[in-house]
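User: Please pick a single part of this model and take me through it slowly. I'm new to this, so plain words would help a lot.

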Amino acid sequence: MPDSDICFTPATEQARMVRDGEISAVELMQAHLGQIERVNPVVNAVVTLVTDDALEGAGKADRSQARGDDLGPLHGLPAGIKDMMATAGIRTTLGSPIYADTVPEQDAVIVGRMKTAGAIVLGKTNTPEFAAGSQTFNEIFGATLNPYDTSRTCGGSSGGSGVGLACGMFPVTVGSDLGGSLRNPAAWSNVVGLRPSPGLVPASGNALPWTTMGTSGPMGRTVADVALQLSVQAGPDPLVPSSLQEDPARFASALDRDFTGTRIAWSRDLGGQPVEPVQTQVLDAQRHVFEDIGCIVEDAEPDLKEAGSVFQVLRAFAFAHGHEGHLEQHRDMI
């Protein structure tokens with residue numbers, strides 16, 4: 001299989017190919033490194049690349065497999081990590097000049113779980129400064145461009161992860177979401193981004209541990225790829241009291257199910273929120289898909305007219321708390 005084809009193969013299939021010996025972890029890593037070399041100069045999705053460490057990690061993965069060690073569900077898969085998330089020994093800038101040269105000593109929880117499951121960090125993906133915005137550019141690395149039209153935005157704030165997937169630079173990527181940062185860049189790049197339910201993917205060390213607005217989560221090219229990642233990212237954490245206690249292994253089970261009789265609430269503007277008419281037109285044209293598989297689709301407009309102001313107040317509180325020190329010490333760098 002040509003390298004370019006391998007790079008666009010679903011993550012579930014890439015993981016199977018490595019486990020079955022059809023391709024080594026080193027060969028898979030080399031294929032993705034080649035894809036990054038070809039494509040990243042055009043779209044600027046990968047901002048920090050750790051080639052040597054990734055190849056070394058892939059070699060260790062192959063030797064582990066040769067010894068007959070137990071293999072994790074993500075064994076040998078190259079992973080892209082949003083540059084908001086701490087990666088031990090790898091520069092993590094948060095898209096801010098304040099942290100342009102910061103190298104954490106520990107992994108974020110979600111990164112550690114991905115690595116424990118066998119994923120190998122290949123690089124960090126671009127984000128707006130402090131992940132604040134539905135676009136992806138910053139003063140350190142510049143803008144990440146839409147893979148379908150480089151004159152357009154890729155969305156954000158997990159834009160680098162979305163574009164990296166769309167361009168075959170990674171089979172799995174990690175993003176985060178406070179107000180759409182996993183979902184809108186996925187839509188802009190025609191991939192899948194899922195904002196997990198609060199507490200499903202815990203984040204220890206949160207300065208405001210009782211809040212549930214922001215969460216980390218998976219991005220992939222298929223729903224099955226996202227479920228595969230969620231099966232290792234989710235799960236309780238003793239340091240996070242709000243984390244859910246459910247066994248994340250359930251996300252690794254088959255996705256097939258019978259939707260007959262499943263009720264779907266169909267909203268066009270969430271009770272008066274600003275939705276572009278073209279979005280409604282596109283969605284309405286696909287309503288039949290749910291009906292065709294047996295769902296009962298009912299029109300419903302929940303009263304969410306105050307949601308925007310509530311969100312803005314809670315977000316402002318979180319930002320004021322999180323960036324007070326930045327304003328005091330580095331106001332000229334923000």
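Analyst: Let's start with a bit of vocabulary: two strands are said to pair if DSSP finds at least two bridges between them. Also keep in mind that this is a predicted model.

The part to zoom in on is strand E2, which covers residues 78–82. What does E2 pair with? One partner is strand E3, residues 120–125, and the two run in the parallel sense over 5 bridges. To spot this pairing on your screen, find proline 78, whose bridge partner in E3 is isoleucine 120.

E2 also pairs with strand E6, residues 172–177, again in the parallel sense, this time over 3 bridges. Here the residue to look for is alanine 79, which has valine 172 of E6 as its bridge partner.

Now, how does the chain fit E2 and E3 together? Helix H5, residues 109–116, joins the picture here: E2, H5 and E3 make a right-handed β-α-β unit.

Next, the side chains and their surroundings. Pro78, Gly80 and Lys82 point one way from E2, while Ala79 and Ile81 point the other way. Are these residues buried or exposed? Whichever way they point, all are buried, and buried means under 20% relative accessible area. That makes 5 of the 5 residues of E2 buried, so the strand is largely enclosed by the rest of the structure.

So, to put the picture together: E2 pairs with E3, pairs with E6 too, and is largely enclosed by the rest of the structure.

Note on methods: Residues are numbered from 1 along each chain as its sequence is written. This is a predicted model: local features need pLDDT of at least 70, side-chain atom pairs count only at pLDDT 80 or more; totals for chains, interfaces and linings use all residues. Side-chain values use heavy atoms; hydrogens and water are left out. Buried means under 20% relative accessible area, exposed over 50%, partly exposed in between (1.4 Å probe, protein chains only). Helices (H or I, at least four residues) and strands (E, at least two) are DSSP runs, numbered from the N terminus. A crossover is right-handed if, with the strands pointing away from the viewer, the path from the first strand over the helix to the second runs clockwise.
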